[in-house]
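Me: I've got a structure to go through before class. Can you walk me through it?
Reply: Sure, let's put it up and start with a loop.

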Amino acid sequence: MLDQTDSLNLMQRTRGRAEVALRAAPGGARLTHLHQSGSAKAMLPRVHGAAPEVVFLNTAGGLTGGDQMRFALDLAENARATATTQTAERAYASSGGNAQLNVDLTVGAGAHLDWLPQETILFEDSALTRRTTIALTGDAHLLMVEMVVLGRIAMGEELRRIRFNDLRHVTRDGRPELIEPLQITDDNLLKSASAAGLSHARAFATLALIAPGAEDALETLRSVLPETGAAASGWNGKCVARFMGTDAMPVRKALAKAITTLRGGPLPRVWQL
């Protein structure tokens, strides 16, 4: 009799790694390294300005249990670039295990990086572990954003079972600048009405400017925030804004306005509002 293997144990899992390195060059930045494998891609579309845009893409269309994805960007000293994602990242229901997404960014002295990925949408029964590690050197300048949406709000989805572990770890010359762990589980969702928790929010975002003198941008940033659902603070080379809302689109619009204010220019071309 032939042996039979449980097909559930042989489900294909997504693997992907995309790496980009840029250095300063007359009139902009020059590509010095590009690696793409599996379902991870990195594109550098033609742009009108001097600073290039790096667009990371997961061609699998989303992540589920057991998938592993890594995006990396190395920006050499005095270079400027914007990095983003081609569309929203989606974490789908897991049949077992966590999906893993690692983002590793290094920014050299005098360099300017805008890390502006589009939102992450969590689906029912999703299990995602994400770690974003950003290493700054010297007077490097960073503008970064993360937005999370709990389900497809327009379709009336209400999540009850998810596992989401998210860590943002920013250092300068090896010293911590911004360390933000976040965990959302079934218990958190049950207590979503708490003012100390999500307070009924279905979408939330963090925008951070980390650079020498970043706190000086606080009043300018506050001037464009909505009256409710957003707040900002500034201290010791950081200016951080938080956004929350029961619907994703108002949060995204408020976030977009704040981003364009801090960066003094338009959003990446792939963003759609």
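Me: Where does Leu44 sit?
Reply: Leu44 lies in the loop between β3 (40–43) and β4 (53–58). Keep in mind that this is a predicted model.

Me: And is Leu44 buried, exposed or partly exposed?
Reply: Leu44 is partly exposed. Its relative accessible area is 34%, and partly exposed covers the range between 20% and 50%.

Me: Which residues make a nonpolar surface patch with Leu44?
Reply: Leu31 and Leu34 do. With Leu44 they form a nonpolar surface patch of about 230 Å².

Me: OK, inside now. How many residues are in the largest nonpolar core?
Reply: That core has 45 residues. Those with the most contacts inside it are Phe56, Leu73, Leu122, Leu142 and Leu150. Strand β8 (residues 99–107) gives the most to this core, with five residues.

Me: What about a second core?
Reply: There is a separate one of 34 residues. It includes Leu116, Ile153, Leu225 and Ala241.

Me: Any general reason to expect cores like that?
Reply: In soluble globular proteins, nonpolar side chains tend to be buried together.

Me: Back to Phe56. What is Phe56 in contact with?
Reply: Leaving aside neighbours within four places in sequence, its contacts include Val20, Phe71, Leu73 and Trp115. Lys41 and Gln86 are also among them.

Me: Switching to strands. Why is β12 described as largely enclosed?
Reply: Strand β12 covers residues 141–150. Nine of its 10 residues are buried, so the rest of the structure largely encloses it.

Me: Which strands pair with β12 in the parallel sense?
Reply: Strand β9 (residues 112–116) does, over four bridges. There, His112 has His141 as its bridge partner. Strand β10 (residues 120–122) also runs parallel to β12, with three bridges. Leu122 stands opposite Leu150 in that case.

Me: And how does β15 run against β12?
Reply: Antiparallel. Eight bridges join β12 to β15 (residues 203–210). Leu142 stands opposite Ile210 there.

Me: Last one, Ala211. Is Ala211 buried or exposed?
Reply: Ala211 counts as buried, because its relative accessibility is 4% and the cut-off is under 20%. Ala211 is in the loop between β15 and α2 (218–222).

Me: What does Ala211 touch?
Reply: Ala140, His141, Arg172 and Gly237, not counting residues up to four places away in sequence. Arg172 is 39 residues from Ala211 along the chain, and their C-alpha atoms are separated by 9.7 Å.

Terms used:
Residues numbered from 1 in each chain as written. Predicted model: local features only at pLDDT ≥ 70, side-chain atom pairs only at ≥ 80, totals over all residues. Heavy atoms only, no water. Buried < 20%, exposed > 50% of the residue type's maximum accessible area, 1.4 Å probe, protein only. Helix = DSSP H or I, 4+ residues; strand = E, 2+ residues; numbered from the N terminus. Pairing = 2+ DSSP bridges. Patch = residues over 30% accessible without salt bridge, like charges linked within 9 Å, V, L, I, M, F, W, Y side chains within 5 Å. Areas by Shrake-Rupley, 256 points an atom, 1.4 Å probe, with all protein chains shown as cover. Salt bridge = Lys/Arg side-chain N within 4 Å of Asp/Glu carboxyl O. Core = buried A, V, L, I, M, F, W, Y, C linked by side-chain atoms within 4.5 Å. Contact = heavy atoms within 4.5 Å.
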